[in-house]
Amino acid sequence: MERLKNKITQAVLLSVGLTLASTSFSTFAADVPAGTQLAKVQELVRGNGAEVASLDPHKTEGVPESHVIRDLLEGLVNQDSEGNTIPGVATSWETTDNKLFTFHLRKDAKWSNGDPVTAEDFVYSFKRVVDPVTASPYAWYLEMTNMVNAKEIIEGTADKETLGIKAIDPYTLQVTLTTAVPYFVKMMGHTTVKPVHKASIEKFGDKWTKPENFVGNGAFTVANWVVNERIELVPNNYYWDNAHTVLTKVTFLPIENQVAEMNRFLSGEIDITYELPNEHYKRLAKDHAESVSIPGNLCSYYYGFNNAKAPFNDVRVRKALSYAIDRNVITKFLLGQGQKPAYFLTPEIVAGFHPQMPAYGKLTQKQRVQEAKDLLSEAGFNKQNPLKFTLLYNTSENHKKIAAAIQSMWKKSLGVDVQLENQEWKTYLDTRRQGDFDVTRAGWCGDYNEASSFLSLMQSNNSSNDPKYNSAEYDQIMNKALLSTNDQERNALYAEAEVVLAKDMPIAPIYQYVKARLVNPHVGGFPTNNAEDKIFSKDLYIKQ
Amino acid sequence: MFKFIAKRILEAIPTLLVLITISFFLMRFAPGNPFSTERPLPPEVMENINAKYGLDKSVFEQYTTYLTNVLQGDFGPSFKYKDFTVNELVASALPVSAKVGAAAFVFTLIMGVGVGTIAALKQNTWIDYTIMSTAMIGVVMPSFVLAPALIYVFSIYLGWFPAGGWLDGSFQYMFLPVIGMSLLYVATFARITRGSMIETLNSNFIRTARAKGLSYTYIVLKHALKPAMLPVVSYMGPAFVGIITGSVVIETIFGLPGIGKLFVNAAFNRDYSLVMGVTILIGFLFIIFNTVVDILLAAIDPKIRY
């Protein structure tokens, strides 16, 4: 009896202790809602697509790299679960003309070796990005911010020391741009503009990213890295907000095979997948509805016409082909995860972007097909002289399905003979770049949540303008928009740019992406509304 | 014997050289390059990258530089995995593939020869039929079908083994990949062993041994097994090759950080130096293994001389 009593007392004390622990926890862990029962083991496993090419933010360009680096390094600003820009290392910032920006850095930010994070670190890092010696694949990103001399330094005509950035004092950073960029602060959330630890790079060179050498300023640091198997992160005890980090370990698994990743999720080994296999979507949505997460995504899927090549230099041909694509069939029946038909290059989810639906977007598919037929026969194509061309896409089940569907739509409604050609990724990139195609599949994801991240692609001088669209009218609108400091005016100009695109149809927009993945319901704090898919592991926790 | 081995090693040098040369030039002439990205790099950046990896020199000069470095054991930096050299990547991947491959190979031999012998001894009984029809399924089932089926049954449905990964390479992470990799060869070895064993058991010298009144078990183990193993040993070479190349599929499905996965990714990424490094490694292993098989054959078959 005595022993039983003791046990009961122990149990009561224990539960009180636990409650105390969890309440005291939730009082300072702002992100964990009060009353949430946290699991004992706070270890998270995330599927991460391809193996990362590097953990050096200045040498990477891919999404998998960004997912890991976001946890390892903290830039001037972060994003909240809704995609809003919130303070990171910078607690506040000001500008009067959108050309000169002053950032005030927090004094408690530290590197994982205890060194303070200062304005000098950002100066060093930004110069490293544009330094041609670094050969950063995303150096152009700083050029896009219009930072003083960024372009010249990248091109090798100016010294990197002349970059428009300086440390006023250890905690005040000043950036100068050549022209006003009202969304500059938003752009500072990108992987390319994360700071790196100068002393470590000088000491270890290319080897600084190895777990034994790594020094970062993010909420986590690298504990273990086995190429093609896993990257393990543990909390950075020096992180200024470490008290709010709930997870004790985050593991990223590089799994490119979507089915393999799904299997490992279903067997309970992964908490958050990188994506999910389209062909299993319906079954997953039925059997694992609680795990399927499908927020909108800042990406567009489209077909680019070779505007420099006959017959695609004829707007009537381009329009006819675009009109004849039944976008609803593709989004509803082929994809069916909530993707939206696209009539614009810019996805409608982009902040502040309110385009006007072009005329063809308002027609029924039957009417569109009728117009398409008229346009095509006006352009000189008919039964005796049918339009024939090749559609290029990069090898993927999804692209193949869509290409086959569109091929049959074109055949059925316009009598057009289309040959499908798939090429493996790198070959496809080369072919596209060399302009050696008729019509090509393409996609684009925004680097920042602003329409210019998409619309600049179609400017005649843009290096990614593979459709070779060249319109003075469009360029003029875009140049005006990029100079405008008024959000409303700028977005109106972006809408105007889309009108020009609908008129010239250099590309045929097809659908707006969603980001479908599996998330175990025991994961708390997952951002379901962040269009740029910026997930910070520091905001996540595991419920009981 | 030593003369034979020395000769084989000397023969290997020109073979490897041809292999290096062909792969080197094929790789360079493949469309796409390691640094083609969706957003093209500015020419200035591209120049720096080319200079860093020696791509600014003529292809022939690149080739001679590469050969010189390889002779010194330096396989260069990986083009894709910028934080690692090829030597580092191979050093971390090889033990994984070697462990899984060796386990699969040993398992294949023991199981294949074992059940093949049993089937031969119990020829035309239900045991024989069961073993041989199961083996038939094993032969026709490709690993990219078998492996997901194994995962579905043992990982998702029963939950006995993890659906992939390596972690520490312990038994539970090895089990399914080893089965997935070896089943085809177990089946093939079983069929070869059975056929060869039946033929041997029907031959004159076995009849003589039986006439002498020796026990059946003694005859099988002492007299029949050795000659019956000849086709089995000959098939070890192709089986080893198959297991290595098959590791590409198995390692991708199970997410093992081995050579096969490294190889596939390297080819897709046009990681020139990594493709070359792994090609040379696999070529080297093939030559070594074929030599071992030749020595084994000579040891078993008195008709073969070095």
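Analyst: Helices here are DSSP runs of H or I with at least four residues, and they are numbered from the N terminus. With that in hand, welcome to the structure, which is a predicted model. One helix to start from is α13(A), which is followed by A:Gly380, a residue with a positive phi near 100°.

User: How do you know that the length of helix α13 of chain A agrees with its number of residues?

Analyst: We compare an expected span with the one in the model. Helix α13 covers residues 365-378 of chain A, which is 14 residues, and at 1.5 Å a residue it should span 20 Å. The C-alpha atoms at its ends are 20 Å apart, so the two values agree.

User: What makes the buried residues of α13(A) line one face of the helix?

Analyst: First, the residues themselves: A:Arg368, A:Val369, A:Ala372, A:Leu375 and A:Leu376 are buried. Looking down the axis of α13(A), these buried residues fall within an arc of 125°, so they line one face. A general point helps here: an α-helix has 3.6 residues a turn, so residues three or four places apart point the same way. On the other side of α13(A) you will find A:Lys366, A:Gln367 and A:Glu378, which are exposed.

User: What covers the buried residues of α13(A)?

Analyst: The cover includes three helices of chain A, namely α10 (315-323), α12 (359-362) and α14 (397-414).

User: Staying with chain A, why is A:Arg264 called buried?

Analyst: A residue is called buried when 20 or more other C-beta atoms lie within 10 Å of its own. A:Arg264 has 26 C-beta neighbours inside 10 Å, so this residue counts as buried. You can find A:Arg264 in helix α8 of chain A. Leaving out residues up to four places away in sequence, A:Arg264 touches A:Ile255, A:Glu269 and A:Ile270, as well as B:Ala163 and B:Gly164 of the other chain. A:Gly47 is 217 residues from A:Arg264 in sequence, yet their C-alpha atoms are 9.2 Å apart.

User: How many residues does each chain bring to the contact between A and B, and which helix of chain A gives the most?

Analyst: Chain A brings 42 residues and chain B brings 40. On the side of chain A, α4 (139-144), α8 (258-266) and α15 (425-433) each supply at least two residues. The most comes from α15(A), with 6 residues. By class, the side of chain A divides into 18 nonpolar, 10 polar and 14 charged residues.

User: Now chain B. Why is α10(B) called roughly perpendicular to α11(B)?

Analyst: Two packed helices are described by the angle between their axes and the distance between the axes. For α10 (residues 230-254) and α11 (residues 259-269) of chain B, the axes come within 7 Å and cross at roughly 90°. Angles from 65 to 115 degrees count as roughly perpendicular, and the pair therefore earns that name. From α10(B), B:Ser247, B:Val248, B:Glu251 and B:Thr252 make the contact, and from α11(B) the partners are B:Ile259, B:Gly260, B:Lys261, B:Phe263 and B:Val264. Together that gives 4 nonpolar, 3 polar and 2 charged residues.

User: How many helices and strands does chain B have?

Analyst: Chain B has 12 helices and 0 strands. Of its 306 residues, 35% count as buried. Its C-alpha trace spans about 85 × 55 × 30 Å along the principal axes.

User: Why is B:Gly76 called partly exposed?

Analyst: Partly exposed covers counts between the exposed limit of 12 or fewer and the buried limit of 20 or more. B:Gly76 has 19 other C-beta atoms within 10 Å, so the middle name applies. This glycine lies in the loop between α3 (59-71) and α4 (86-121) of chain B. Beyond its neighbours within four places in sequence, B:Gly76 is in contact with B:Asn69, B:Thr85, B:Val86 and B:Ser273.

User: Is B:Leu167 buried or exposed, and how do you know?

Analyst: B:Leu167 has 12 other C-beta atoms within 10 Å, and therefore it is exposed. The residue sits in the loop between α6 (143-157) and α7 (171-201) of chain B. Its phi is positive, near 55°, in a residue other than glycine.

User: And is A:Ala135 buried or exposed?

Analyst: A:Ala135 has 23 C-beta neighbours inside 10 Å, so this alanine counts as buried. A:Ala135 is in the loop between α3 (119-130) and α4 of chain A, and its phi is positive, near 55°.

How values were computed. Residues numbered from 1 in each chain as written. Chains lettered and ligands numbered in written order. Predicted model: local features only at pLDDT ≥ 70, side-chain atom pairs only at ≥ 80, totals over all residues. Expected span 1.5 Å × (residues − 1). Arc of directions from axis to C-beta. Contact = placed C-beta atoms within 7 Å. Nonpolar A, V, L, I, M, F, W, Y, C, P; charged D, E, K, R; others polar. Axes fitted to C-alpha atoms, helices over the stretch in contact; angles between N-to-C directions. Parallel < 35°, antiparallel > 145°, perpendicular 65-115°, else oblique.
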